There are 6 protein chains.
Amino acid sequence: MKLQLSTWPEIESYLERSRCIVVPIGSTEQHGPTGMIGTDALCPEIVADGMAEQRELLIGPTLSVGMAQHHLAFPGSISLRPSTLIRVVVDVVESLAGHGFEQIFFLNGHGGNIATVQAAFAEFWARSSFARRDSGLNLQLHNWFQGRRVGRLSRELFGDDEGSHATPSEISLVLSAYAEAARTVALQPERPPSGPIRDARDFRRRHPDGRMGARSELASVEHGRRICEAAVADALDALG
Amino acid sequence: MKLQLSTWPEIESYLERSRCIVVPIGSTEQHGPTGMIGTDALCPEIVADGMAEQRELLIGPTLSVGMAQHHLAFPGSISLRPSTLIRVVVDVVESLAGHGFEQIFFLNGHGGNIATVQAAFAEFWARSSFARRDSGLNLQLHNWFQGRRVGRLSRELFGDDEGSHATPSEISLVLSAYAEAARTVALQPERPPSGPIRDARDFRRRHPDGRMGARSELASVEHGRRICEAAVADALDALG
Amino acid sequence: MKLQLSTWPEIESYLERSRCIVVPIGSTEQHGPTGMIGTDALCPEIVADGMAEQRELLIGPTLSVGMAQHHLAFPGSISLRPSTLIRVVVDVVESLAGHGFEQIFFLNGHGGNIATVQAAFAEFWARSSFARRDSGLNLQLHNWFQGRRVGRLSRELFGDDEGSHATPSEISLVLSAYAEAARTVALQPERPPSGPIRDARDFRRRHPDGRMGARSELASVEHGRRICEAAVADALDALG
Amino acid sequence: MKLQLSTWPEIESYLERSRCIVVPIGSTEQHGPTGMIGTDALCPEIVADGMAEQRELLIGPTLSVGMAQHHLAFPGSISLRPSTLIRVVVDVVESLAGHGFEQIFFLNGHGGNIATVQAAFAEFWARSSFARRDSGLNLQLHNWFQGRRVGRLSRELFGDDEGSHATPSEISLVLSAYAEAARTVALQPERPPSGPIRDARDFRRRHPDGRMGARSELASVEHGRRICEAAVADALDALG
Amino acid sequence: MKLQLSTWPEIESYLERSRCIVVPIGSTEQHGPTGMIGTDALCPEIVADGMAEQRELLIGPTLSVGMAQHHLAFPGSISLRPSTLIRVVVDVVESLAGHGFEQIFFLNGHGGNIATVQAAFAEFWARSSFARRDSGLNLQLHNWFQGRRVGRLSRELFGDDEGSHATPSEISLVLSAYAEAARTVALQPERPPSGPIRDARDFRRRHPDGRMGARSELASVEHGRRICEAAVADALDALG
Amino acid sequence: MKLQLSTWPEIESYLERSRCIVVPIGSTEQHGPTGMIGTDALCPEIVADGMAEQRELLIGPTLSVGMAQHHLAFPGSISLRPSTLIRVVVDVVESLAGHGFEQIFFLNGHGGNIATVQAAFAEFWARSSFARRDSGLNLQLHNWFQGRRVGRLSRELFGDDEGSHATPSEISLVLSAYAEAARTVALQPERPPSGPIRDARDFRRRHPDGRMGARSELASVEHGRRICEAAVADALDALG
Ligand code: NI
Ligand code: NI
Ligand code: NI
Ligand code: NI
Ligand code: NI
Ligand code: NI
């Protein structure tokens, strides 16, 4: 059940049955020469769809632009400052809490969002904590790529070639839903370097084609289907 | 050409041909008993797709959550504060400007965004103006529902029943692309009241089912197709 | 009745009779070679004075500095950022609401303020809307230059020579109250260009002497008197 | 020479002769049963006018709303938060600095503004200091009521009856320019208490009629003329 | 070498030899019935002292107040909002970067700071990334309690009794330097519950005496000495 | 009694006896060729310790980084922006107020903090004032160097050589507690210039070695002991 494709009376009814909503959150950033710029937003959307097939769940709108400052030296990347994203998450949470949602499950597709979204949760809870009242809210951040099943599967499929950005796992997951996302580009070097994340120009110097330790070309539709299945199961577990 | 479904080298190439990007911006808010909560985000997405069919154009990610504070008394509505949305728009613009985009065309589906997005443009330009340097940026806000052709067509199709929120025009436009959005609900009164927009509880008292002066049930797929055609033509005109 | 020239017990009494206050808001910005930099603040002050002559009304202090980032390339212009002006308006509204004012009528003299002041209203209302409580506030923005009577009169007096900045209407209105504001300067070209508003340097390139489409020299004291009369009537209508 | 009643080419000429501008800054707040709510804004305006009579000086628009949170329990008082006023001052300074002004002399009429305006100056200078560049700006805050001559004169005229809010000095100064500001109200107690300044309700409990240690009724037009003369001389000294 | 106990010419000399500074960052929050409220600030100070004994290193002032919103229901806890702490870290980093420091090593004592400090780093880097320039800065966050040696040792010493707040490890570390910090209080239950971290009242309900899964009473001076040694070695490794 | 070296149940007990806390606040900034960079933070810590010896008092954590933008041209100086420090003080005050503290006594060691901390108090009180409720809080700022006894003693000991930055008084006070802070450096000129405080580069040009009008070398341990005694007595008086 998608919030965007529901009416308000339908949400009113839903709230009588459940106080939970899943909000996909991603990023709009380069994913190497073969990965889609929307990868990190598309992946949690795909996983959320899978979750909703298995359980009655409300899926909110995808927050497609995240914290991607380190990718800004690659054309097409868009970033919010952390201080902006904190405000976005706080406003979204406050909107939903006002309707009676008690569990807001951010299904995240981007490592760069993690710290900022957690800081946003604390920013929200701090209001209650300073005011000495209950928030009544269970805010969760689940990173689909860090679930137990997904971890095991990506190690099985890609081993050390998984890397940490533009990974064959996330690209496979996109391929499983978007046929048009397939690209064939020769990648050099085969296994690009890893390294620390700092500012955007430093990032591009360290990772000239955008990949971090990942052999993106190992991605496939078939792998994507298995990863999706694992990610859905992980996310449903985390949801509780 | 969608940014989310492109790679960064493809955007690098695009920038050699064009400096323009279309960014759909909408809202997540109640649209009466029959309208989708995502209406205002879906409409500019649909129009942007139509534009891209007629001209080579890059379409950015949809900013699905807008300024909808007055709808917060209806379940499912999500809003950013104006001060938050200003920061979002500024960060998005600054990200794109850094890549060399010179024309950023916000294709807007929500009246409540207009003032805030214009203020955001001024906030961005003010940086250059205070610093006494050129911004080099053409920022445009185009409201698909205010184009010349759309206005003429909606008057022809719906006359005074168009209203100003949950309009048959916008609902038709959604229907033209989302079959699953059709709802059959008896609406009372037939033509709901109009009125000023203030806070959310005031809004709900004035507009108990969420509609403002609109007979939403006049919407149809066929109307939606004609409206889409008009909106695409209007938007391409505005783009220049 | 002017707030600045009243005592607090007098305001306490006024509040027993009325819950309404008029707040003139303007800008400090170039108005071409013959227009006063204070034009946009002086005009609503003049109109507010006229309103107070016809009806018992409390007039607040003029907010003389507005959002004028696009004029900063002309000496003497002063601007607040939109994000600053939003905070100013919110603090002023919150101060007045706390005293029991229920209708705050911003009488505006500057087109560049419109979007930001409307965003500020939404920022204020959003507090109530997020908190699920009533604001009880009627915030109005009335642009004296967009009233029905003023529009008809300026078309009659100046036709297409009215333009949109440093207009003969606004300069006439200032002249009607400030004899010392008369300037005789040869203006070239007679009818300057119109165009989009972006950053300050772009603005100055498009409008080298500051005027937008306006033949400022058509202004006169006599026209100003008639415009004032029309503006007062329009504003009283809008006040309701 | 008033900025509001000048054209931009006139300011351009002025800047060839001088890099100095005087900006009156005040407050809109209760001044006891006989003092005008605008006292703190009117006083620096009156003094600035006197300064401009004696020396060629540009006078900017009056910032009439200041930091008056502690007066908000009295009807008619309007306050900006300190964080808002800091932004206002920074934006005004940045606007003026961009035109080439090098000495910005804030002529202040309100004790409650002092800390915040000084913090605003530091906020502005911090930009240069963090960026390791020169600001080139001399920002001055002069409180007309703390000048040497004014202090001597108010002690001579009023001694311990001067107090610290709604003082006979400031009320006299207003009377010297605004005949309509005279009020005759019996004041009890004759000499009200002094005390610390905290929040607004605490303030009203300590100072039930708004006066702090001041016998406002000692004010007179004649005293106001002498105080004005002293204040103008003090301010011109401080200007250097 | 401590910044607080150095002169500026000494820092000028140091910068000719090294571009690195260690900044201890902690929190002021309850640590159960026996742990000091300053534990999280004292621990990184102690470790930093140990580092400076082994290598020439500049130690900055301790940032003693961190992000501890979830502890605010226990008397004495002090917290910054995440949005405040981000600004603090950014200002500190910008101050140091301006002097030529290139490696700023935040030695952290509090799990609750991690997300916010990482978000602050991204906020700082984002400035360079948006402006398309190099930051030249290596910002590191090292959590002394997560080093390899410390982890091994605490497992050896305390096993599952380590828990995650008011741990015997951190309390031991404080004891190793502050004899006056020893407290003997009977703790019930012996091993308190773990659980998610949300707002402050929720936290106190879950953890009535403040401990999370930790048997604080296992702490001792002797354990503290060994932990300090391990933590110093871990931190020097991380420093590189 | 130090907050950092107490447990939460001890603070709970303290709050039954007293509602007062002393919070030392300082700065991290150059203090000339012989003064410690931590002088302004160490001094209030030393004075607070002296206070706690004479009366049962809770001493909070030292806020060591203050508003020192004008010192940033000297290596090692660290500053918060005024807008940042305001937020820090507000969050600290709000944390403490929530526990029931009613008197928060900021014991300040740095002139540059004064305006900003006062603005922060007003920012905090403004929340109550706008909301029309009591804050119940007594916030005090006491500058140890401006007490009556300290002023008399420093005039006696140093006369005009006291100056205003890197003063022999503050350096003596540090020496009284930190033997390792003694430095012997030839200072030229003997009595450096005084002057206005603007941005950091301006400051360094006016005060090449960092001292303002102060003969720092007159400091001694013995003077420091007497100054400490005076400062403690002044502070206890101010505390009431
Ligand atoms: Ni990714
Ligand atoms: Ni709509
Ligand atoms: Ni105008
Ligand atoms: Ni006053
Ligand atoms: Ni801890
Ligand atoms: Ni000092």
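This briefing covers the nickel sites, the contacts between chains, the nonpolar core and some backbone features of the structure above. The model is a predicted one, and every value below was computed from its atoms. Its largest nonpolar core holds 411 residues, and chains F and E are related by a turn of 180° with an RMSD of 0.0 Å. The nickel ions (ligand 3), (ligand 4) and (ligand 6) are treated in turn, beginning with the one bound by chain F.

**Nickel site of chain F**

- The nickel ion (ligand 6) takes its donors from H31(F) through NE2, from D40(F) through two OD entries and from E170(F) through OE, at 1.9 to 2.8 Å.
- Because the 4 donor atoms around this nickel ion (ligand 6) subtend angles of 52 to 139°, the arrangement is irregular; along the sequence, its donor residues follow the spacing H-x8-D-x129-E.
- D40(F) belongs to helix 2 (residues 39-54) and E170(F) to helix 6 (residues 168-177) of chain F, so the pair ties together parts that are 130 residues apart in sequence.
- D40(F) is buried, with a relative accessible area of 2%, and E170(F), at 7% relative accessibility, also counts as buried.

**Nickel sites of chains C and D**

- In chain C, the nickel ion (ligand 3) is coordinated by NE2 of H31(C), by D40(C) with two OD entries and by OE of E170(C), at 1.9 to 2.8 Å.
- Angles of 51 to 140° among the 4 donor atoms make the arrangement around the nickel ion (ligand 3) irregular, and its donor residues are spaced H-x8-D-x129-E in sequence.
- The pair H31(C) and E170(C) links distant parts of the chain, 139 residues apart, with H31(C) in the loop between strand 1 (20-25) and helix 2 (39-54) of chain C and E170(C) in helix 6 (residues 168-177) of chain C; both residues are buried.
- In chain D, the protein donors of the nickel ion (ligand 4) are H31(D) (NE2), D40(D) (OD, listed twice) and E170(D) (OE), which lie 1.9 to 2.8 Å from the ion.
- The site of the nickel ion (ligand 4) is irregular, with angles of 51 to 139° among its 4 donor atoms, and its donors follow the spacing H-x8-D-x129-E along the chain.
- H31(D) counts as buried at 0% relative accessibility, as does D40(D) at 2%.

**Chains F and E, and pairs that do not touch**

- Chain F can be laid on chain E with an RMSD of 0.0 Å by a turn of 180° and a shift of 0.0 Å along the axis, which is the relation of a two-fold axis.
- Of the residues of chain F, T84(F) comes closest to the rotation axis, its C-alpha lying at 3.4 Å.
- The contact takes 53 residues from chain F and 53 residues from chain E; since 100% of the interface residues of chain F are also interface residues in chain E, the copies meet through the same surface.
- About 4,200 Å² is buried between chain F and chain E, and carbon and sulfur atoms give 61% of this area; Q4(F), L5(F) and W8(F) supply 18% of the area that chain F buries against chain E, more than any other three residues.
- Chain A and chain D do not touch, their nearest C-alpha atoms being 17 Å apart, and no contact joins chain B and chain F, whose closest C-alpha atoms also lie 17 Å apart.

**Nonpolar core and L63(D)**

- Within the largest nonpolar core, of 411 residues, those with the most contacts are M51(A), M51(B), M51(C), M51(D), M51(E) and M51(F).
- Neighbours within four places in sequence aside, the contacts of M51(D) include V22(D), L57(D), F105(D), L107(D) and V232(D).
- L63(D) lies in the loop between strand 2 (58-59) and helix 3 (82-99) of chain D and is buried, with a relative accessible area of 9%.
- With neighbours within four places in sequence again left aside, L63(D) is in contact with V65(C) as well as with V23(D), P24(D), I25(D), G26(D) and F106(D).

**Backbone features**

- Most residues other than glycine have a negative phi, and most peptide bonds are trans.
- The bond joining Q188(D) and P189(D) is a cis peptide bond, with omega about -5°, and P189(D) is in the loop between helix 6 (168-177) and helix 7 (200-206) of chain D.
- In chain F, the peptide bond from Q188(F) to P189(F) is cis, with omega near -5°.
- R132(A), which is not a glycine, has a positive phi of about 60°; R132(A) lies in the loop between helix 4 (114-131) and strand 4 (138-143) of chain A and is partly exposed, with a relative accessible area of 22%.
- A166(C), also not a glycine, has a positive phi of about 65°; A166(C) is placed in the loop between helix 5 (148-158) and helix 6 of chain C and counts as buried at 0% relative accessibility.

Methods
Residues are numbered from 1 along each chain as its sequence is written. Chains are lettered from A and ligands numbered from 1 in the order in which they are written. This is a predicted model: local features need pLDDT of at least 70, side-chain atom pairs count only at pLDDT 80 or more; totals for chains, interfaces and linings use all residues. Side-chain values use heavy atoms; hydrogens and water are left out. A nonpolar core is a set of buried Ala, Val, Leu, Ile, Met, Phe, Trp, Tyr and Cys residues joined through side-chain atoms within 4.5 Å. Buried means under 20% relative accessible area, exposed over 50%, partly exposed in between (1.4 Å probe, protein chains only). Contact means heavy atoms within 4.5 Å. Donors are N, O and S atoms within 2.8 Å of the metal (3.2 Å for Na, K and Ca); water is not among the atoms, so sites may look incomplete. Four donors count as tetrahedral if all angles lie between 85 and 135 degrees; four count as square planar and six as octahedral if opposite donors are over 155 degrees apart and all others between 65 and 115; anything else is irregular. Helices (H or I, at least four residues) and strands (E, at least two) are DSSP runs, numbered from the N terminus. Copies are superposed by least squares on the C-alpha atoms of residues with pLDDT of at least 70 in both. Buried area is the accessible area (1.4 Å probe) that two parts lose on being put together, summed over both.
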